[in-house]
Amino acid sequence: MWSIERLTPALGATVIDVDLRRADQALGDAMYEALLEHQVLFFENQHLAPHEHAAFGRLMGELGARHHSYVTHPDDDDVVVLDWEPGARPDAAEWHSDMTFTTEPPFASILQAQVVPPVGGDTLWASMYSVHDRLDPGLRRDLEGLSAVHDPGAFRNGPYAERGNDGINELLGTVGSAVWPIISHHPVTGRPYVNVSESNTRWIIGLGAPESARMLTMLFDIINRPDHQVRLRWREGTVAMWDNRGTQHYAVSDYAEYRRVMHRVAVARDVRGRARGHLGDPA
Ligand SMILES: O=C(O)CCC(=O)C(=O)O
């Protein structure tokens, strides 16, 4: 029988004695509840083949949120490969939730380590519930009712290197941007969370440039406090699954001379949450 070990008061738990290759509907239901409670779950020693990884993803919900800038695995199109060769500049060393620049960001992501550096390459997650709950009440009141624009941020760099300004305009034309309340609500638990990220939030609607920039910088500093975080040291075969609503993550880019390879399955839609009826904010 599996069990759960919590990792920090803010978020994160390791699920012990579980084999995700044998996961069935009952385990999927249980992991869903655990995910709602702990926000990010870690499973050691899984070593899922691409089709097993995608099958576990399907147990958690509907797959399909493809990222515009990553390649997929030759054996399974639902598995994205993040392969950072020695000397590469990994692009996830910034706090972000996945694809908040779209109007339908994925519900969850499931990441498995394939090749890890001997040391370094950890990933951190932060609980945006924790950030919200510990905001100064006056600041929280000021933020209620404000919304902010999320856009692809540094994903501009690739198209710019390839095609200059036209590349950026094409990216913004196809991928676009999305507006979210700064205090958003989790669509299933209903809990409020802070929904701005250093990677993707560019502008607070209705404010002038200096006020918007100052307010966002202050929020990014708060998100960056260890009080809200958990940190994973990867081993090959470790799987992490996070709820993309109410968390952010940061992949530390400190392993310059080594290769790091991850497989990721994005779960686009939360089927169980939909069945319960959404409580959250409209996009
Ligand atoms: O490589 C990692 O640890 C995280 C990658 C990431 O940011 C993502 O999958 O969204």
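These are my notebook entries on a predicted model of a protein with a ligand.

**Ground rules.** I count residues from 1 along each chain, in the order in which its sequence is written. Because the model is predicted, I take local features only at pLDDT of at least 70 and side-chain atom pairs only at pLDDT 80 or more, while totals for chains, interfaces and linings use all residues.

**Overall form.** I looked up the secondary structure and found seven helices and 17 strands, where helices (H or I, at least four residues) and strands (E, at least two) are DSSP runs numbered from the N terminus. Along the principal axes, the C-alpha atoms of the protein fill a box of roughly 55 × 45 × 35 Å. The radius of gyration, taken over C-alpha atoms, is 18 Å, which agrees with the value near 19 Å for a compact globule of 283 residues, the globule rule being 2.2 Å times the number of residues to the power 0.38. Of the 283 residues, 39% are buried; a residue is buried if 20 or more other C-beta atoms, placed from the backbone, lie within 10 Å of its own, exposed if 12 or fewer, and partly exposed in between. I also checked contacts (C-beta atoms, placed from the backbone, within 7 Å): of those with a separation of 6 or more, 82% join residues 24 or more positions apart.

**Around the ligand.** I listed the residues around the ligand (C-beta atom, placed from the backbone, within 6 Å of it) as L82, A92, D98, S109, L111, T123, H249, A251, M262 and R264. Two or more of these residues come from each of β7 (108-115), β16 (247-251) and β17 (260-269). By class, the shell has five nonpolar, three polar and two charged residues, with Ala, Val, Leu, Ile, Met, Phe, Trp, Tyr, Cys and Pro counted as nonpolar, Asp, Glu, Lys and Arg as charged, and the others, Gly among them, as polar.

**Helix α5.** I compared the ends of α5 (residues 157-174) and found that its 18 residues span only 16 Å between the end C-alpha atoms, short of the 26 Å of a straight helix, the expected span being 1.5 Å times one less than the number of residues. The helix bends by about 140 degrees at R163, an angle taken between axes fitted to the seven residues ending there and the seven starting there. After α5 comes G176, with a positive phi near 75 degrees.

**Positive phi outside glycine.** Most residues other than glycine have a negative phi, and I noted two departures. Q39, in the loop between α1 (25-38) and β3 (40-43), has phi near 75 degrees, and it counts as buried because it has 28 C-beta neighbours inside 10 Å. M99, in the loop between β6 (76-84) and β7, has phi near 55 degrees, and M99 is buried with 24 such neighbours.

**Two loop residues.** F107 also lies in the loop between β6 and β7 and is buried, with 25 C-beta neighbours inside 10 Å. Beyond four places in sequence, F107 is in contact with G61, N244, R245, V267, A268, R269 and D270. Y70, in the loop between β4 (62-63) and β5 (71-73), is partly exposed because it has 13 C-beta neighbours inside 10 Å. Leaving aside neighbours within four places in sequence, I found Y70 in contact with V80 and L82.

Technical notes:
Contact = placed C-beta atoms within 7 Å.
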